[in-house]
Number of protein chains: 2
Amino acid sequence: MTLRHIVSWKLSGETREARDGQAAEIIAALEALPALVPTLNALTAHRNELFDGDNYDVTLIADFDDEAGLSAYVVHPDHVVAGAVIKKYAVARVATDFTL
Amino acid sequence: MTLRHIVSWKLSGETREARDGQAAEIIAALEALPALVPTLNALTAHRNELFDGDNYDVTLIADFDDEAGLSAYVVHPDHVVAGAVIKKYAVARVATDFTL
């Protein structure tokens, strides 16, 4: 069984270029996590490319064995560090969690 | 190259059970599309399972060769039919589009 965690964020940058920079910083912070968080099976993070302004800016796709794996990820110190980067720039967050 | 289109919706149902029913109708309408829309390479649709109320309710993951494939999908008559089902119930929509 795989629990998939999908999160999208809208970022605060006033221009697309500003949000490109913010997104790059967030994506780098997130993409460091698979090597650091044992319960995280897979993670990709993506910069939105179309419908700038209407679409959100960054999407995370992360896979876990189960809800306990997601919970351990959420409180993991390295995830907290990545979360702090996100909090600097995110003005909105939307998530869903579901079993594949 | 693959263009991935991820959309999440929050639904109007007052209770989780009401939103379960709405989500099932939306997911069925979306999952019919791969057989009907030529430019749609893959599609899965998922009901959110955790953090009900905070999380959104349904997430679509759809893959295309490129932006033209996504545009053809958006205007395809069968997608328009599915979109009408979504419009009955969705109170919020968040999307991102990115290249894998």
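**Helix H2 of chain B and its surroundings**

Let me begin with two helices of chain B in this predicted model: H2(B) and H3(B) pack at an angle of about 65°, and their axes lie 5 Å apart. On the side of H2(B), the contact is made by B:Tyr73, B:Val74 and B:Val75, while H3(B) brings B:Pro77, B:His79 and B:Val80 to it. If we sort the residues of this contact by character, five are nonpolar, one is polar and none is charged.

Staying with H2(B), which spans residues 67-75, we can ask which of its residues are buried. They are B:Gly69, B:Leu70 and B:Tyr73, and because these buried residues fall within an arc of 100° when one looks down the axis of H2(B), they line one face of the helix. On the other side of H2(B), by contrast, B:Ala68 and B:Val75 are exposed. The buried residues pack against several elements of chain B, namely strands S1, S2, S3 and S4 together with helices H1 and H3. At the N-terminal end of H2(B), B:Asp66 acts as a cap, with a side-chain oxygen 3.2 Å from the backbone nitrogen of B:Ala68.

Finally, I would like to turn to B:Leu30, a residue of helix H1 in chain B, which covers residues 16-31. B:Leu30 counts as buried because its relative accessibility is 2%, under the cut-off of 20%. Apart from neighbours within four places in sequence, B:Leu30 is in contact with B:Trp9, B:Leu43, B:Ala45, B:Leu60, B:Tyr73, B:Ala82 and B:Ile86, and B:Tyr73 is one of the buried residues of H2 that I mentioned before.

Note on methods
Residues are numbered from 1 along each chain as its sequence is written. Chains are lettered from A and ligands numbered from 1 in the order in which they are written. This is a predicted model: local features need pLDDT of at least 70, side-chain atom pairs count only at pLDDT 80 or more; totals for chains, interfaces and linings use all residues. Side-chain values use heavy atoms; hydrogens and water are left out. Helices (H or I, at least four residues) and strands (E, at least two) are DSSP runs, numbered from the N terminus. Buried means under 20% relative accessible area, exposed over 50%, partly exposed in between (1.4 Å probe, protein chains only). Contact means heavy atoms within 4.5 Å. The arc is that of the directions from the helix axis to the C-beta atoms. A polar contact is a pair of N or O atoms within 3.5 Å; within protein, one must be able to donate a hydrogen and the other to accept it, and residues adjacent in sequence count only if both atoms are side-chain atoms. Axes are lines fitted to C-alpha atoms, for helices over the stretch in contact, and angles run from 0 to 180 degrees between N-to-C directions. Ala, Val, Leu, Ile, Met, Phe, Trp, Tyr, Cys and Pro count as nonpolar, Asp, Glu, Lys and Arg as charged, and the others, Gly among them, as polar.
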